[in-house]
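Me: I am new to this structure and would like to learn how to read its features. May we take them one by one?
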Amino acid sequence: MKEQKDPSDSELLQAMLAGDESALATLYRRRQGSVYRFALQMSGSTALAEDVTQDVFMALMRSGNSYDSDRGPLAWFLLGIARNVLRQRLGRERFYTSLADDAGGSSGASELVSVSDPLGELSRNETIEGVRKAVLSLPTRYREVVVLCELQELSYAEAAGVLGCAIGTVRSRLHRARGLLIGKLRPAIQEDEAADHVKAARCFA
Amino acid sequence: MNCELFQPIAADLARNQGLMDAAVRSAAEVHVSECEGCAQTLIAQKDLTEAFGNLGHEMQDLQAPTDVEIRLVAAFRKQAAVASVATTPRRWRYAIGAVAAMLLAAFVLWGFWARPTTVTPDSSPAPQAAVKAPAGSGSDVVKQTNSGPIVSTPDFQPATNRNQAPARRRHPGKARSDSIVATPVLAAAPVLPTTDAEREVATDFVPVGYGSALDLQDGGQLVRVELPRFALARFGLPLNMDRADEDIKADVLVGADGLARAIRFVK
């Protein structure tokens, strides 16, 4: 018995553009996750991520003919649209989440990092929120490569395809972003260490 | 390897991307074992990589809410509906334009076909009861033949001064017609003997177009023309295909408005 092959993204796109509603549903269910997660990791806002996801597929419905399969998979194309939509939205709304603003919060990075070996404790579940906020505090060009290469686990080449830049650019931006993140997490650790000393003094007092 | 060379590759070493040359990797590992600062850097990078892994793993199953899909499908249906509405009138516009063009072309062709190119006024009365021309309106009978003589048909009372009636070309510029072959009328042509005219056999008048031959209150004219023989087929009359190239005589009943009302074929 011949096994039925799932239609490719390109085939689904063509069917969708021809008016096939089921093709839209299939394509959406297949690709919405990565788009939504990318938008969420880039913005930190679920509402904005929803809007971006919707805008991406709306744009695909309107101008899906502009997709060229020779330039890369449809997933890259969708992430590229999401990136552009996000840039517009973030530029308008100035949607920034500063690590410093949340440092004193209950889920701040300083509280989640151990005093003795702060980066060694980042693997714990409690550190996830702190890392997420640290990523959000990065400039957009660095945040993009972190989200794509580290969180979406794309290769340098794939990230370069999404961003439309050279692989070397992705690599250098990622190196710089990682350095910024480590640099952002260390002061928070030091503050947390100082706060622990204050708390101890008060207790003894 | 020294610290300056190690720092750029620390992230790749921690991410274990496999992009690094084996020799460079081994040199970096040797350097890490000797340099405590670079060892700390590598540990920090590895921890960061692990933290990214945890964050990515935690968000791995996140999906957009189902509302988004519902809104998208609704938008898709709306877009499809708008597209169909936008294209339907365009299609109708083309269809209406095509029908109008066809009607116009048919009307023009019919006008050319129905109007004889040459008519000669005659004072003879209307040929049959089909033509109720008022007195003095001058229902005309014109016989046009290749040889040019004006002959009277048995259905009409020949005019006494027909040979003196001047031939008048009413529409000289419309002499062309693929269905009507009109020949010049020779005004001085002699009237043929009645015996020849009596030999003609004519069909009944067949209405042309939607107008009735009975509505000729304003008078009319009977015009003798020659048509290609295959015109018989147009009116449902039998046609001998062997003689399809030949011409056949016909009398066209033309109203005062210049439009043909009826036709009969004469043998």
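Me: Leaving aside neighbours within four places in sequence, which residues is A159(A) in contact with?

Reply: Two residues are in contact if their C-beta atoms, placed from the backbone, lie within 7 Å. By that rule, and without neighbours within four places in sequence, A159(A) is in contact with V145(A), L148(A), C149(A), L154(A) and V170(A). This is a predicted model, in which local features need pLDDT of at least 70 and side-chain atom pairs count only at pLDDT 80 or more, while totals for chains, interfaces and linings use all residues. Residues are numbered from 1 along each chain as its sequence is written, and chains are lettered from A in the order in which they are written.

Me: Which residues touch the most other members of the largest nonpolar core?

Reply: In soluble globular proteins, nonpolar side chains tend to be buried together. A nonpolar core is a set of buried Ala, Val, Leu, Ile, Met, Phe, Trp, Tyr and Cys residues joined through C-beta atoms within 7 Å; buried means 20 or more other C-beta atoms within 10 Å, exposed 12 or fewer, and partly exposed in between. The largest core has 68 residues, and among those touching the most other members are A39(A), V56(A) and A159(A). A second, separate core of 16 residues includes V223(B) and A262(B).

Me: How many residues of chain A are in contact with chain B?

Reply: There are 34, in contact with 28 residues of chain B. Helix 2 (21-43) of chain A is among the contributors, helices being DSSP runs of H or I with at least four residues, numbered from the N terminus. Helix 2 of chain A gives the most, with 10 residues.

Me: What is the phi of E153(A)?

Reply: E153(A) has a positive phi of about 60 degrees, although it is not a glycine. E153(A) is partly exposed, with 14 other C-beta atoms within 10 Å.

Conventions
Helix = DSSP H or I, 4+ residues; strand = E, 2+ residues; numbered from the N terminus.
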